[in-house]
Amino acid sequence: MRALDALVRLIARLGLPESFVRFGFVGVQGFCWDTGTVYALRAHISLYVAGACGFFVAATANWALNRVWTFRHIDHGPPHVQWVKFLFANAVGFIANRGAFFTLITLSALAYRQPVLGILAGTGAGLVFNYVLSKKFVFR
């Protein structure tokens, strides 16, 4: 964990807040959870439902990591209350994230065959919304 913290400090020298850099690293992990969930479920349920499930799994994993790493210095309330706040705060990000995902898989045959492209676009679209709302509403 020290090596990752050192990398965060190095990247933060570019002028980004360390918490944003950490949030981004957690988001990469969430991207993996999201993608894995979508690919695991897409043969069994519609791609749209798999995409919604993937977002929920990733959001839950991201909340946990942000709680113990990104915002570890914050005095946290009860986990279940904070988790619900995180999901509500990320509802705005969900609109941007899954809006990009659903649009791409609907309009692009390539994105439909390779949903990771839509997941990647959605992750980027929701990043700033999720960070700002998480910092101001959930982890304060």
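Here are some short exercises on this predicted model, each with a worked solution.

Residues are numbered from 1 along each chain as its sequence is written. Local features need pLDDT of at least 70 and side-chain atom pairs count only at pLDDT 80 or more, while totals for chains, interfaces and linings use all residues, and side-chain values use heavy atoms, with hydrogens and water left out.

**Exercise 1. Find the partners of Asp5**

Work out which arginines form salt bridges with Asp5, and where the residues sit.

Step 1. Get the rule straight: a salt bridge is a side-chain nitrogen of Lys or Arg within 4 Å of a carboxyl oxygen of Asp or Glu. The structure holds four of them.

Step 2. Try Arg22. Its side chain meets that of Asp5 at 3.2 Å, N to O. This pair links distant parts of the chain, with Arg22 in helix H2 (residues 18-41) and Asp5 in helix H1 (residues 2-12), 17 residues apart. Helices here are DSSP runs (H or I, at least four residues), numbered from the N terminus.

Step 3. Now try Arg72. The closest N and O atoms of Arg72 and Asp5 are 3.4 Å apart, which makes another salt bridge. Arg72 lies in the loop between helix H3 (47-70) and helix H4 (79-107) and Asp5 in helix H1, so this pair ties together parts that are 67 residues apart in sequence.

Step 4. Check burial (buried is under 20% relative accessible area, exposed over 50%, partly exposed in between, with a 1.4 Å probe and protein chains only). Asp5 comes out at 9%, so chalk it up as buried. Arg72 is partly exposed at 40%.

**Exercise 2. Extend the network**

Which residue of helix H2 lies four residues from Arg22 and pairs with it?

Step 1. Look one turn along: Glu18 and Arg22 both lie in helix H2, four residues apart, about one turn of the helix.

Step 2. Check the distance. The side chains of Glu18 and Arg22 meet in a salt bridge at 3.3 Å, N to O.

Step 3. Compare the surroundings. Arg22 is buried, with a relative accessible area of 7%, whereas Glu18 is partly exposed at 32%.

Step 4. Put it together: Asp5, Glu18, Arg22 and Arg72 are linked in a network of salt bridges.

**Exercise 3. Place Ala59**

Decide whether Ala59 is buried or exposed, and say what Ala59 touches.

Step 1. Locate the residue: Ala59 lies in helix H3.

Step 2. Read its accessibility. At 7%, Ala59 counts as buried.

Step 3. List contacts (heavy atoms within 4.5 Å). Leaving aside neighbours within four places in sequence, Ala59 is in contact with Phe86 and Leu87.

Step 4. Try a distance too: the C-alpha atoms of Ala59 and Ser46 are separated by 20 Å, with the two residues 13 apart along the chain.

**Exercise 4. Look for disulfides**

Why is there no bond between Cys32 and Cys53?

Step 1. Recall that a disulfide is a covalent bond between the sulfur atoms of two cysteines. The cut-off used here is a pair of cysteine sulfur atoms within 2.5 Å.

Step 2. Check the gap. The closest cysteine sulfur to that of Cys32 is in Cys53, and 18 Å is too far for a bond.

Step 3. Go the other way round: Cys53 has Cys32 as its nearest cysteine sulfur and is in no disulfide. The tally for the structure is zero disulfides.

Step 4. Add the environment: Cys53 is partly exposed, at 31% relative accessibility.

Note on methods:
Helices (H or I, at least four residues) and strands (E, at least two) are DSSP runs, numbered from the N terminus.
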